[in-house]
Amino acid sequence: MDSRPWRSALYIPASRPRAMEKARGLPCDAILFDLEDAVAPAEKPSARTALAQALTAGGYGPRARIVRINALSTEWGAEDLSTIAPLSPDGLLLPKVSAPEELSVVAERAPGIPLWAMIESPAGVLNAPAIAAHPALAGLVLGTNDLAEALGATSRAGLAHALQATLLAGRAAGRVVLDGVCNAFRDETQLRAECAEGRAWGFDGKTLIHPAQIAAANEIFGPSPEELAHARAVIDAHAEAEAAGQGVAVLEGRIVESLHVRAARVLLARANAIEERGTWAG
Ligand SMILES: CC(C)(COP(=O)(O)OP(=O)(O)OC[C@H]1O[C@@H](n2cnc3c(N)ncnc32)[C@H](O)[C@@H]1OP(=O)(O)O)[C@@H](O)C(=O)NCCC(=O)NCCSC(=O)C[C@H](O)C(=O)O
Ligand SMILES: [Mg+2]
């Protein structure tokens, strides 16, 4: 079982060297180095070079280093791929994926590198099951800004069906699925509400745009002390029932079956993986 946490995935425009430097000390689970929409056309070549230097220099510790390249249909995509793939990032994030064939083209040119797909168009959502099932795919990332524009949605509620359909597709294929960003990066209340909703729906974590958003995402997508205590109690109660020859236990007025024990073990394993990250020093 892979217990790697994905609570917080921070976008960093590769055109911001100070931000790429700062990320070496930030407690996010993943860094999404961006060569796409956060980088202006005139800055694309210099951002690509700066990112290659940052990846070569290293120092990102246990944070997953995922690079969002420009689509291969753009004038920058091919060079992004040929520059970044040899540096063995932990993943390549492809924007605006609408069909699994787009993954195959990249997988052929970057064999062995896990691919991530941004689902941020109506076609992407409708084809999410086939995209999620692609053998090179590690995870799906919701692009709620592009999706809202394409759908004409003016609230997160208007995106709910698309978000949940993507989550369903990702889960059916056993992939990591990350929620979209909260644009109001100084609004802690809105961020916490989105994180709580995303976690309740089943997302593994949230994509972020500012370091100030990391703590809330880590807290809300990570197991709470109460959840951990409950998980241990579930395991103990089930073990006691089993020792007494019963298949089902009762804890605090609720039944506990083996599926609850499985879920409790997953939670404890994730908590251990988070703890093992220790101090987050580079
Ligand atoms: C939103 C920002 C432009 C704000 O930047 P700024 O005004 O510089 O913020 P601060 O002054 O508060 O910064 C404080 C310090 O934090 C560092 N910083 C800021 N942002 C980041 C970051 N993302 N990663 C790492 N470090 C960061 C600053 O350098 C300051 O450091 P220090 O010098 O030590 O004080 C900016 O946050 C930003 O550019 N964010 C990322 C925007 C982005 O990537 N957007 C694209 C992805 S969102 C998207 O498109 C998803 C999807 O495709 C969709 O369709 O939805
Ligand atoms: Mg987008």
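Visitor: By class, how many nonpolar, polar and charged residues does the shell around ligand 1 have?

Guide: A good place to start, with the reminder that this is a predicted model. Sorting a shell by residue class gives a quick view of what surrounds a ligand. Here the shell around ligand 1 has 12 nonpolar, five polar and six charged residues.

Visitor: Which residues are the closest to ligand 1?

Guide: Of the 23 residues that surround ligand 1, the closest are Tyr11, Ala19, Ala38, Gly143 and Asn145.

Visitor: Which helices and strands each supply at least two residues of that shell?

Guide: It helps to map shell residues back onto secondary structure. Strand S1 (8-13), helix H1 (17-22) and helix H7 (144-151) each supply at least two residues. S1 gives the most, with four residues.

Visitor: Where does S1 sit in the wider fold, and how do the strands of its sheet run?

Guide: Follow the pairing from strand to strand and see where the path ends. In this case S1 belongs to a closed barrel of eight strands, in the order S1-S2-S3-S4-S5-S6-S7-S8, and the pairing is parallel. On average, neighbouring strands of this sheet are turned by 25 degrees against each other, with direction ignored.

Visitor: How many bridges join S3 to S4?

Guide: Three bridges join strand S3 (residues 64-68) to strand S4 (residues 91-94), and the two run parallel. One residue to pick out is Arg68, which lies in S3 and stands opposite Leu93 in S4.

Visitor: Is Arg68 buried or exposed, and why?

Guide: Counting neighbours is the way to read this: a residue is called buried if 20 or more other C-beta atoms lie within 10 Å of its own. Arg68 is buried because 27 other C-beta atoms lie within 10 Å.

Visitor: Which residues does the UniProt annotation "binding site" cover?

Guide: According to the unreviewed UniProt entry, the "binding site" annotation covers Arg68 and Glu120. They are spread over 53 residues of sequence but cluster in space, with a largest C-alpha distance of 13.7 Å.

Visitor: How far apart are Cys182 and His210 in sequence and in space?

Guide: Here again, sequence and space are worth reading side by side. Cys182 and His210 are 28 residues apart in sequence and 9.6 Å apart in space, C-alpha to C-alpha. Cys182 is found in the loop between strand S7 (176-179) and helix H9 (188-201). This loop residue is buried, since 25 other C-beta atoms lie within 10 Å of Cys182.

Visitor: What is phi near in Ser88, and what sign does the value have?

Guide: Most residues other than glycine have a negative phi. Ser88 has a phi near 50 degrees, a positive value in a residue other than glycine. Ser88 is placed in the loop between helix H3 (77-84) and S4, and is exposed, with 11 other C-beta atoms within 10 Å.

Glu252 also has a positive phi, near 50 degrees. Glu252 is found in the loop between strand S9 (249-251) and strand S10 (254-256), and is exposed, with 9 other C-beta atoms within 10 Å.

Visitor: Which domains does the domain assignment of the protein chain give?

Guide: The assignment gives domain 1 (8-221) and domain 2 (225-276). Their centres, taken over C-alpha atoms, are separated by 33 Å. From UniProt, in an unreviewed entry, comes the annotation "domain: HpcH/HpaI aldolase/citrate lyase" for residues 7-211. That span, residues 7-211, is 40% helix and 19% strand, and its end C-alpha atoms lie 13 Å apart.

Definitions and conventions. Residues are numbered from 1 along each chain as its sequence is written. Chains are lettered from A and ligands numbered from 1 in the order in which they are written. This is a predicted model: local features need pLDDT of at least 70, side-chain atom pairs count only at pLDDT 80 or more; totals for chains, interfaces and linings use all residues. Domain bounds come from an automatic or database domain assignment. UniProt positions are given in the numbering used here, feature names are shortened, and annotations may be inferred rather than shown by experiment. A residue is near a molecule or strand if its C-beta atom, placed from the backbone, lies within 6 Å of it. Ala, Val, Leu, Ile, Met, Phe, Trp, Tyr, Cys and Pro count as nonpolar, Asp, Glu, Lys and Arg as charged, and the others, Gly among them, as polar. Two strands pair if DSSP finds at least two bridges between them. Axes are lines fitted to C-alpha atoms, for helices over the stretch in contact, and angles run from 0 to 180 degrees between N-to-C directions. A residue is buried if 20 or more other C-beta atoms lie within 10 Å of its own, exposed if 12 or fewer, and partly exposed in between; C-beta atoms are placed from the backbone.
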